[in-house]
Every structure is written in C-alpha cells, then in structure tokens.
There are 2 protein chains.
Amino acid sequence: MHRLRVGIAQINTTVGDFAGNADKILKVIEESRSSGVDLLTFPELAICGYPPEDLLFKPKFITENLRTLEKIIKASPGITVITGFVDSGDDIFNAAAIIHDGELAGVYHKIYLPNYGVFDEDRYFRAGTECSVWEIDDIKFGVNICEDIWYEAGPATTQAYSGAEIIINISASPYHFGRGGVRERMISTRAADNVAVFIYNNLVGGQDELVFDGNGLIVDETGRLVAKGKQFEEDLIIADIDVESVFRTRLHDPRWRKELLLHEEHGWRQIEKIIISRNPYDTDKPPLPLRNVERLEQNAEVYSALVLGTHDYIRKNGFEKVLIGLSGGVDSSLVAAIAVDALGNDNVIGVAMPSRYSSPGSESDAELLARNLEIKFLTIPIEKAFRAYLEMLKESFAGQEPNVAEENLQARIRGNILMALSNKFGWLVLTTGNKSETATGYSTLYGDMAGGFGIIKDVPKTLVYKLCEYRNSISDTEIIPESVMTKPPSAELRPDQKDIDSLPPYEILDSILTAYVEEDKSVEQIISLGIDEKYVRQAARLVDGSEYKRRQAPPGIKITPRAFGKDRRLPITNRFKG
Amino acid sequence: MHRLRVGIAQINTTVGDFAGNADKILKVIEESRSSGVDLLTFPELAICGYPPEDLLFKPKFITENLRTLEKIIKASPGITVITGFVDSGDDIFNAAAIIHDGELAGVYHKIYLPNYGVFDEDRYFRAGTECSVWEIDDIKFGVNICEDIWYEAGPATTQAYSGAEIIINISASPYHFGRGGVRERMISTRAADNVAVFIYNNLVGGQDELVFDGNGLIVDETGRLVAKGKQFEEDLIIADIDVESVFRTRLHDPRWRKELLLHEEHGWRQIEKIIISRNPYDTDKPPLPLRNVERLEQNAEVYSALVLGTHDYIRKNGFEKVLIGLSGGVDSSLVAAIAVDALGNDNVIGVAMPSRYSSPGSESDAELLARNLEIKFLTIPIEKAFRAYLEMLKESFAGQEPNVAEENLQARIRGNILMALSNKFGWLVLTTGNKSETATGYSTLYGDMAGGFGIIKDVPKTLVYKLCEYRNSISDTEIIPESVMTKPPSAELRPDQKDIDSLPPYEILDSILTAYVEEDKSVEQIISLGIDEKYVRQAARLVDGSEYKRRQAPPGIKITPRAFGKDRRLPITNRFKG
C-alpha cells in the first residue's frame, strides 16, 4: 500500500482565540474523517494564531495552548493530524504536533527561526535540533515549519535523505505581491531536488498588518502540481498521494544516490525515526482528480488581499460598521469600495466634510460614489468649527502669515468629526492615506491620519489608480466615477492647492520610493538611475523627515515587500541622510 | 612596568551623525593625550550612535561609518583607542576597533547579541566567534561589548583565562530604575571571579525612547571600585591601573589555577593573541586618587533620566521650544517642570484651555505653576469650538444621549489648539499622559495624546506624585503648587468627573499594572496576591482593550523594566484574556 489520502486545511485562525481556533480545527477533522482523509494538516501555530508576539511571554497563554492541543489530540481517533502549536520545555518552541489515532505520536521543533522583516522569532523561540521522520503503513514522511523549507539544504532535505517520501510543511507566510509565484516555484524545485511529494499548508486570513494568503500546494516528486488551494479563502484541499513513483525514481536517480552518501557524511542534525502504529484505514480509495486554482492576476490579487485584510481586522476586533471620510478623490473612493466588498454596503458609512476650499466637484463626486456603492452618506460642512478655531487663535496668531497651521486645522476638524461619529455610534474609522503619502508625510497627524485602520497605507498612489480601474472592470456599472480618476490630486486645504506643488509627480515619486524605502538605495544611486536629482533629494528628505508621523499612524495592510511598520524600523532621532 | 593610565570617555552620541560623533571623539582623544592617557575607550557603536536600527540595512550608512573610523585611526598617534563601530565583511558585526598609535591593531566582534526587550540585534548582526587578547608593554587586555559581559562564563572569562589582566567592556546599556546598582554589582563580581581589572564604558544620552545613563566604572581584581563616572552626563574618567596585584593574586589563587585547567579543556571559542608594538609612552606617572560619584537616590535618578531624555529628544531633533497643555493637574505640572529643567524656562510655553466643565481651581493652578516656573503662559478657552462642533453634529447625534463622544471632542479641541500653535511657531508639543493612563487607555486619541513626545509615558501615577515632591524638595520655593498634589485627579470632561469613577484607585491600579504588564502575571495570579478581584479584572480588561490606542501614541522615555513600545510587542487583534 503506497497510497495516502491527505488533507490541507488552510484555516483562518485568530490570535489568542483558543476556543474559536479549536472549534474550527475540530470541525475540519470531522469533515476530513468522513471524506476518508488519512493525514490532515493545519497551519503553523494554528492553535494560538500567528503571530502571537509578546503574548508568548505569558505563561497562561502557553498553558491554554497546551490544553487546547490536548482537546485536539482526544478528538483525533482514526486519523493522523499535524498541527502547529507552542511546545514548552526548558524553553518554548514553534512546534508541530504529529497526532495519530488519538495519541500524540511526536513533536517537531522549527529549526530556522526568521528574525528579519516583520518577523521576531528569535525573540521568542528556541530553535529545534531534530529532523525526525515518521512512518504510516510503510510510507515515510517528514514534517517541518515555514522558514525551514526556504533553505536549500535544510530540514526537508535531511528528512528526504533519511527516507521521507512525503515532506509536509506547515506555514504562516505573509502575503506581499508576487510572493505566491515565488513560493510555488521554490516548492516545486525542492520537491524535484529531494524526489519527494511536498505538501504545503499556509495560513489564511488577516492579522493586524499581515494578510496570509492560503494557497496551499501539493507537488509531486517531479515538481509537478497535484493540487492547489484557494487564495485568500479558507479551503480544505484533499488529494491522493502515491509514493510508489518516489521509490522508483530514487532507485534510478544517480544524483540521488551520490548525494545520499554526501548527506550521510554530513550529519549536521540528529535524525530520529519514530514508527507510528500501522495505519488501520482503507487507503485503497479511488484517486481524486487534479485540483487546481488559477492564480489571480496582480491587481486582483492585491485587491483580494486588501478585502480580506480589512474584513478580518474589523471583524476580529469586534466591529461591525466602518466610517470613511469621502473627499471625492481616488484614495477615499478606493477605500470605500474595498470596505463595501469586505463588509457589505450596509456596514459602510461615507461622510463628506466640505470646506471653503472644496471644489464643487469634490462633494458631488463623493456623493456619486456613495450612490454607486449604495452606502449611507452624510454631509457635514466644517466651516463653523474652522471659523471658531480661527477666532480662538486670533490673538495668538496675530501678525502671522497663514501657513500649514490653518491647513492642518481643517484636516483635524474632519478627523474630530469622524472620531465623534465613531465614539457615538461605535463605527471604526478607516483612514485613506496611501503609501506615497505615508512615505513623504503628505498627510495631517490627527487629521486625515485619524482612524483605526489604514487599509491602503502600503499601496503606492500609482497602484491606487490601477486598483480603481480593476474594481470598475469587474462591475457591470461604473463604481468609482471617471471624474474621480481624471482630476489632478489635491488636498484642497488652500485655494488652488495641488499635490504636485509639494511632491514630485506620482509616477516619478513612486519609483523613487521603491528604490529608497524598499531597496535601501542611496540618493546618489537613485540619481544615477537617471531620475531627476531635484525629485530624488526632495523625496528622500520628505521620507527621512516623516518618521515621527508614521510612528503615530494607524496600522494598515502590508502588500509590498517592505511596508511601513514592523518591516521597517527606523529611529526618529537620526541625522543620517540616505 | 605594570601600570597603565586609562580613560573612559562616556560621550553622548547621536544616531547617524557621523560628523558630530567624530568631532566629539577626536576632541576627547586630544584631551586625553594631553592628560597622559595610554588607553582610551568609547562606548558601543560610538561612531554611528546606538541603536541605529534599520539604518544598518543601508550600505551607505555602513560605508560612512567605516570612513569615520579611518578618520579616528589617523587621529590616534601616540595613544591606544577602543571604539565601537559597525564592521563589515561577509556580514555586518557590532564591533570594537582596537586602534594603536595611528593604526588599526585589531577588531573584536560582539558575541552575545541581545534580541529581547528593546533589542533586535539578531536582526542586524552576525555574532562574533573570536575572543582575542591584546598586549601593550606586557600588560594583556581583552575587549568585549555590552551583552558579552552579562554571561558568567562569557568572553570576559575566556579572555581572563587566556591571560588578560584587564577586561574592557564598551556598552550602550539602556537605563531603567535600579539597573545601575545591578550593573555595578555584576561587574564587581565578574572582576573578582576573573581576578582582573574591569573597565566598563557606557553610553550616555537620550535616543528616542531610551536613555543611556553613563556611569562608567573601573573595578579592581578584588571587585573594589577604583573609579566611577557621572550618571546622565558626559564624563571623562581617568585612572591609573596597576596589574601587578592581578598577577600576584592569580599566582596564589587555587580556584583560579583549577579553573584554568577546566577552561583549557573547554575551548569553545577560538583564542588569538595579537601583540601590539611595545608601548612607547611613559607610564611612570604619579597615581591618580580614587574617583567616585555618589549614586543618585531613586526619585532623583528617575527625574534626571527624564530631564536628559527630554533634552536630547528635543535638541537632537532640531527643536528649540516646547508647548504643554496645562490642566492644573499633577501630570502636566510635572511635565512642565521637567521641560524647564531640560530646556530652560525661555523654551517652555504653557497653555491653559478651560472648558465649561473646568473647575476654577484648574486654571488658577495652571497659572500659578507657570508663574513658579517663570514660563510663557497662554489661556485659550475651548467653548467656541465645542459649541460649533455640537451644532455641526446636532443632526447626526439627534436622539442620542451624551457620552464619551462629547467628552473626547473637548480633549481633541485642545489637541488641535496645541497642534495649531505647534504648526504656527515650530514648538514641539509634549504630551502629559502617565503610564497608568497609557496602560488603561484613560486618555483621548488625537486629544491629550496629541504631541511629539510623551515624557512621563512610562511613569506610573503613584511615581508622578513622588517626582513632584522630589522636584519641590530641591527648590527653595514651591514649584508645583500644593493644591495640584492634593486635589483628586479628574479629566474634567463632564460635571463632577473623577478618575476614580473609571479606574481603580491609583495605588491599587499601579500594583496591578506592574504585575500584569511588566511581570506577565495572569489575572488569577494577581487576585491570589490578595488584590480585589473587581479591580484586577477591570484593569486587565482596560489594558487588553487599549493596545490600538498605544500604537498611535507618541514615543516616550523608558524608565521601568518594561515600557510600552519596543519593549512590549502585543498584537492589536487578540482574543486572549490574560
């Protein structure tokens, strides 16, 4: 018998929700059992959610996690289950439990702990040192966790050369655009290199600034896709694995035999083999058809990530409705569209807050958008408060020219109105700043930056336009009005103000920002790429000078390789000019 | 010749200020040379400032740091200099340069990289693997960096057992209360254990949320203090070291001889010995007297840390004046006093912003405080704006009871006024929230939380009172009015509001917060300590529910073992109840 029916349960967990996560896990076990699944996998740290951050320092958190594991073990007669949890001994470990027929058969400790980008795993976990291989009914498999699989000669290879025909990796791998394809190629390569079937389970869902995109995979020993799970949705992928050909291929592969010798000499990790009691189940089931899911094109993918990230942040934090200040510009229009797709139009409220400097088009565009999205729409002009402030400050401001103080006051009055509605009705305020603004500080602290979640905070302005076009393209009717997308961007805080007065043109700005913020290129290097020196110096100066603002910005959804947030940790006090 | 004149230059560096840091270093080298110093030390990463965080990912940053090192090497004929810098090879290292007579004699790479609390050094550096010992004129010394010395059988021990008679540790060890004493005892123990003279150089100055307290030390081989530098101030500590007695003690110490054998077997680090050319200087100078500095008592110490942290954040970020909203309460009064001590009374502006709910005492107390501190004082009543908002929101709020929305509006109007003055005149706004408020979210986002720096953010309310008393005790005349300290705390956002209506009494609250926030105790554990269950559950619920607020708070100065900020990284989305 060389066949096994495997299940990849890509579930959407919530950090710290032991009861909720356990319920999900138990339900999928039930469902899988009735589908004849022999071996079922759950994501990394599925029991406690990912990333739990400093909750890991709380002994009670670890205890509840272990208690929840016990519940899952007891609920697993008649099936093999692999799930992430926090193991505890002299230290704590990012671990996978190998549960077989209602018993804990073994535990794997993650060996490679990521401590870069958004990750801080060295802060919490001790690294594992053992690469075990387990066996069910003569089929051998290795289990490892997320980062472990990104190393060429890592635990997967050790396990394969110790006889594992199946390699199971359970992950919580955060999304950024383009990552899914890289992951798929990497896993396909690993499978072919190790002549083993690879089963890749990835978490799905939003957790603060991160979105996990699911997209689980089964790849055969030639690197060919056997099954793929949905992107940005929970899914249970079931497939039949036949390891007969793994054995045959290895037997005839001269490269394999040569490397086997090398690995025997290597011995860099202690190898154990734990035998699980023979598999009592009928594995002679008819094979399932190939199951595939088309990869979303880039704009659709980013849009889906934003919808999922928004939905999960709002719902997992116990909110129902969101409130958005609608300026009639592209940013707030896109935010409103995403919010409606994430939460439904009944749960989104738009409010226009025109001032003496608002163009007539702004209000009508905001209203048209609200009508297109069929959301509740309020209009609250800010003139009264603006006049009150100017009077209150008259004496202190005597003899001073109008400057950014008066401009910011208008943005802050809007922030106050949004927060007053939020406090009165329990609606969470979504901010509308994009990555280009966040990078350059082209925004008002406590003004347009006021709110609970900045859903397009990591979306560059040029991509904002593309996502608006994408959103319109999937609708029969126009959602974001044409006029919103064609007018020149403006904050409308003084007469005839345009973004271009304060910033480089967005196409140029965004390419500078990618180089400066995401690639750590110096000003000199960027100029040498042929970009106008004036714009490069202006952008770099603005980025360097806005760290204090970003530190007080609400969280937002990461969609680029380096977002502002945990991904990029710069001091505020800093005299270095990049 | 077994004598050496050593200098500990505890300087105040600025992150990224290569030119400024180099100027300081060169000036101290000049001064030390003329004082006959043979061996001069500077703090960890003195060349680039500490902690540089993600600036370390910028190649240009590393290059400028290496160029600055070259400048210092060239400026060091006739002296031995040890300074922190970032070394670069296959990877980057937190390093110490051993410079001798205008040449780079060697480099040490930090072995233990802290990656807990506020530290992220695994994110940046590769750990060193070599414990070298150097020699000047027959005197052997080992150099290591900060965390290295906190390990009992760490690099210092290896260096001592390889013959080093002097151990030099260069540090950037952040202050929290009580830490100085622990450090002094630890170093004294290490010195006696290793029968070696220990020279400890610690950075001084504020960098964002951290304050480094200096307080350099020289301890002889019996653990006795030879010299100590100032706390919270730059200092150059010069002392003569005689290693004759190290040799004698080791010769007669049976424990030393036995452990020597053990260490020879140990061999866990590669040991190198690099011989520096014989010391050309006259070391036969008359010995200097013992130099000591009394440790400040706890309130004075915390107060000094806050003054230094405030001064450095404001000045290093290029601001001159600060603005503080004065409510007549203890928090804003303490903040104003610290600001005056940090920046001078000409650079502090207080503004009272009374509302319809302010008690008459509030305004007069604020005014009296301003008079005592001799600072500029403005009064801007908020009623006009408050009335304007209520009218603007009348329709939306129709049929709703007054709630926190109206309360927060008042706090936000005050935030707007402060920010308008800040934007108009370039004054940085200091927020006045204490740790008890920050923990429980007893504050208004964009209201009293609006500002650039929260100087007492890590000071629990009960300590706020003590610091006020301390500040009054060191003045001939009363600074913080008696009435400020005796009235019951109130936010004055509705009639007869008192903090006690929303929070446990502060003495109880602060002890719960220490246990829950700093010690990761569970609610059940805290109740079992004998604290009223009602208060414990209330406080824990408030702490858990305020993570989103803290995420948007300005930075503030760490003075406790665990501050909110880099020290405590909790998810916002989190269903765990501690």
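B:Pro51 sits in a loop of chain B, between S2 and H2. The peptide bond that joins B:Tyr50 to B:Pro51 is cis, with omega at about -10°. Chain A has its own such bond. There, a cis peptide bond joins A:Tyr50 and A:Pro51, and omega is again about -10°. A:Pro51 lies in the loop between strand S2 (39-41) and H2 of chain A. This is a predicted model.

Start from that loop and look at the sheet around S2 in chain B. The sheet is open and has 6 strands. Their order is S5-S4-S3-S2-S1-S14, and the pairing is mixed. At its edges stand strand S5 (103-109) and strand S14 (235-242) of chain B, each of which pairs on one side only. From one strand to the next, the twist averages 30°.

Now take one pair of strands from this sheet. Strand S1 (residues 3-10) and strand S2 (residues 39-41) of chain B pair in the parallel sense over 3 bridges. Which residue of S2(B) is the bridge partner of B:Val6? That partner is B:Leu39.

Two helices come next. Helix H1 (residues 18-34) of chain B lies across S1, S2, strand S3 (80-88) and S14 of chain B. H1 runs at about 45° to S14(B). Helix H2 (residues 59-74) of chain B lies across S3, strand S4 (92-100) and S5 of chain B. H2 runs at about 160° to S3(B).

Further along chain B there is another open sheet. It is formed by 5 strands in the order S18-S17-S16-S19-S20, and here the pairing is parallel. Strand S18 (376-379) and strand S20 (453-454) of chain B stand at the edges. Each has a single partner strand, so one side of each is left without a neighbour in the sheet.

Follow the edge at S18. Strand S17 (residues 348-352) of chain B runs parallel to S18(B), and 4 bridges join them. One residue pair shows the link: B:Val351 has B:Leu378 in S18(B) as its bridge partner. Helix H9 (residues 360-373) of chain B packs on this sheet and touches S17 and S18 of chain B. The direction of H9 makes about 165° with that of S17(B).

At the other edge is S20, and a loop of chain B between helix H12 (435-440) and S20 holds B:Tyr446. Phi of B:Tyr446 is near 65°, a positive value in a residue other than glycine.

Step back to a whole chain. Chain A has 18 helices and 20 strands. Its radius of gyration is 27 Å, close to the 25 Å that the globule rule gives for 578 residues, so chain A is as compact as a globular protein of that length. The C-alpha trace of chain A spans about 85 × 50 × 50 Å along its principal axes.

Chain A is divided into domain 1 (3-275) and domain 2 (298-497). Their C-alpha centres lie 41 Å apart. How many residues of domain 1 of chain A are in contact with domain 2 of chain A? There are 9, and they meet 11 residues of domain 2. On the side of domain 1, the elements that give two or more residues are strand S10 (204-207) and strand S11 (210-213) of chain A. By class, that side has 4 nonpolar, 4 polar and 1 charged residues.

Then there is the meeting of the two chains. 69 residues of chain A are in contact with 69 residues of chain B. Four elements give two or more residues to the side of chain A: helix H2 (59-74), helix H7 (298-316), helix H10 (383-397) and helix H11 (404-425). H11(A) gives the most, with 13 residues. The residues of this side divide into 31 nonpolar, 19 polar and 19 charged.

How are the copies arranged? Two copies of a chain are related by a rotation about an axis and a shift along it. Here a rotation of 180° with 0.0 Å of shift along its axis superposes chain A on chain B, with an RMSD of 0.0 Å. That is the relation of a two-fold axis. In chain A, the C-alpha nearest the axis belongs to A:Gln552, 2.1 Å from it. Moreover, 100% of the interface residues of chain A are also interface residues in chain B, so the copies meet through the same surface.

Conventions:
Residues are numbered from 1 along each chain as its sequence is written. Chains are lettered from A and ligands numbered from 1 in the order in which they are written. This is a predicted model: local features need pLDDT of at least 70, side-chain atom pairs count only at pLDDT 80 or more; totals for chains, interfaces and linings use all residues. Domain bounds come from an automatic or database domain assignment. Two residues are in contact if their C-beta atoms, placed from the backbone, lie within 7 Å. Ala, Val, Leu, Ile, Met, Phe, Trp, Tyr, Cys and Pro count as nonpolar, Asp, Glu, Lys and Arg as charged, and the others, Gly among them, as polar. Copies are superposed by least squares on the C-alpha atoms of residues with pLDDT of at least 70 in both. Two strands pair if DSSP finds at least two bridges between them. Axes are lines fitted to C-alpha atoms, for helices over the stretch in contact, and angles run from 0 to 180 degrees between N-to-C directions. The radius of gyration is taken over C-alpha atoms; the globule rule is 2.2 Å times the number of residues to the power 0.38.
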